[in-house]
Amino acid sequence: MIKLFASDLDGTLYNALHQTDRGILHRVRRTLGAGRHVALATGRWSGSGAELGFGDLPLEVVSGNGAFVYGADGHLMRSVEIDPQVVEELLRAFPTCCFVCVSAEGTFVRGSRESQLAGYLPSPGLMGRIVAWRFRRKGPSGDMAYDQSVADVLSHPICKVNCRELDPGVKAEISAFVAERSDAIVNASFDGDLFELTEASVNKGEAVAWLAGELGISENEVAVYGDGGNDIAMLERFDHAYAPQGASDAAKQAAGNVIGSCALGAVPRHMLATVRRESAL
């Protein structure tokens, strides 16, 4: 029996407009009502399902690509800090980059709001264009402290560092920096222009497995859903893994099971269908 369903959001649990709708909320609510857990596994930083469009539904949240795990009541269960020395080396090596440094205490930006927005020009691919449009239209989500010094950033336990870099040369230099410190940090991003850096051991799969253990659920009682590069570790780890039709080829291969389109609510439909099938056995 599947006791925990964990799903990525964009391109997976969300609809084609990258948001929830009545059908998604209805099916997730029915899944929860059957006594199952539903966790949101996202690269975004958020501590509650409400912030991600799920209202008052009691959902666990694995955010920051696994750097943070929040309980269904919103309390922080776990966070994994990046070595502060590595964070300092990164910030000093690339002083003109607009790094967004995320802590459970808040988000601290090495640059202005304008410089962060400037990085979100329309980028190649449908996902990139949608993300860029939403970001530039609505601005950054959550409270952010801008124009932070290196010392300001390092006064907080930083668990994730984001940066959208469009300059090919700088992008290559940051990639080389990360590769040289692969024992300390890892980049798991859905977009080739975006760096999403976490501590080297952090990924969605490891975090969902940790959450399952805390809930007393074995890994073979977990079903996971994802569509992109930052979902690969999660899809590879669990036997019950599914990718929607629009997923990358790598995600489909990692999952081994391909279901319908996110535009048609394939993931919440699959969750509820699984519950109904198991209840009939």
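Helices (H or I, at least four residues) and strands (E, at least two) are DSSP runs, numbered from the N terminus. The views below show a predicted model, in which local features need pLDDT of at least 70, side-chain atom pairs count only at pLDDT 80 or more, and totals for chains, interfaces and linings use all residues. Residues are numbered from 1 along each chain as its sequence is written, and side-chain values use heavy atoms, with hydrogens and water left out.

**View 1. Positive phi at His 18, in the loop between helix H1 (9–13) and helix H2 (22–33).** Although His 18 is not a glycine, its phi is positive, at about 60°. His 18 is buried, with a relative accessible area of 7%; buried denotes under 20% relative accessible area, exposed over 50%, and partly exposed in between (1.4 Å probe, protein chains only).

**View 2. The buried side of H2 and its packing partners.** Twelve residues make up H2, which reaches 16 Å from its first C-alpha to its last, close to the 16 Å expected at 1.5 Å a residue (the expected span is 1.5 Å times one less than the number of residues). Ile 24, Val 28, Thr 31 and Leu 32 are the buried residues of H2. They cover an arc of only 100° around the axis, and therefore lie on the same side of H2; the arc is that of the directions from the helix axis to the C-beta atoms. In an α-helix there are 3.6 residues a turn, so residues three or four places apart point the same way. The buried residues of H2 pack against strand S1 (4–7), H1, strand S2 (37–41) and helix H11 (266–280), contact being heavy atoms within 4.5 Å. Exposed residues Arg 22 and Gly 33 are carried on the face turned away from the buried side of H2.

**View 3. The two ends of H2.** At the N-terminal end, Asp 21 acts as a cap, with a side-chain oxygen 3.1 Å from the backbone nitrogen of Gly 23. Gly 35, which follows H2, has a positive phi near 85°.

**View 4. Strand S11 (residues 194–199) and its paired strands.** Six of the six residues of S11 are buried. Strand S9 (residues 160–164) runs antiparallel to S11 and is joined to S11 by five bridges, pairing requiring at least two DSSP bridges between two strands. Asn 162 stands opposite Glu 196 in S11. Strand S10 (residues 185–187) also pairs with S11 in the antiparallel sense, over three bridges, and Val 186 stands opposite Thr 198.

**View 5. Positive phi at Asp 147, in the loop between strand S8 (144–145) and helix H6 (150–154).** Asp 147 is not a glycine, yet its phi is positive, at about 55°. Asp 147 is exposed, with a relative accessible area of 56%.

Definitions and conventions
A polar contact is a pair of N or O atoms within 3.5 Å; within protein, one must be able to donate a hydrogen and the other to accept it, and residues adjacent in sequence count only if both atoms are side-chain atoms.
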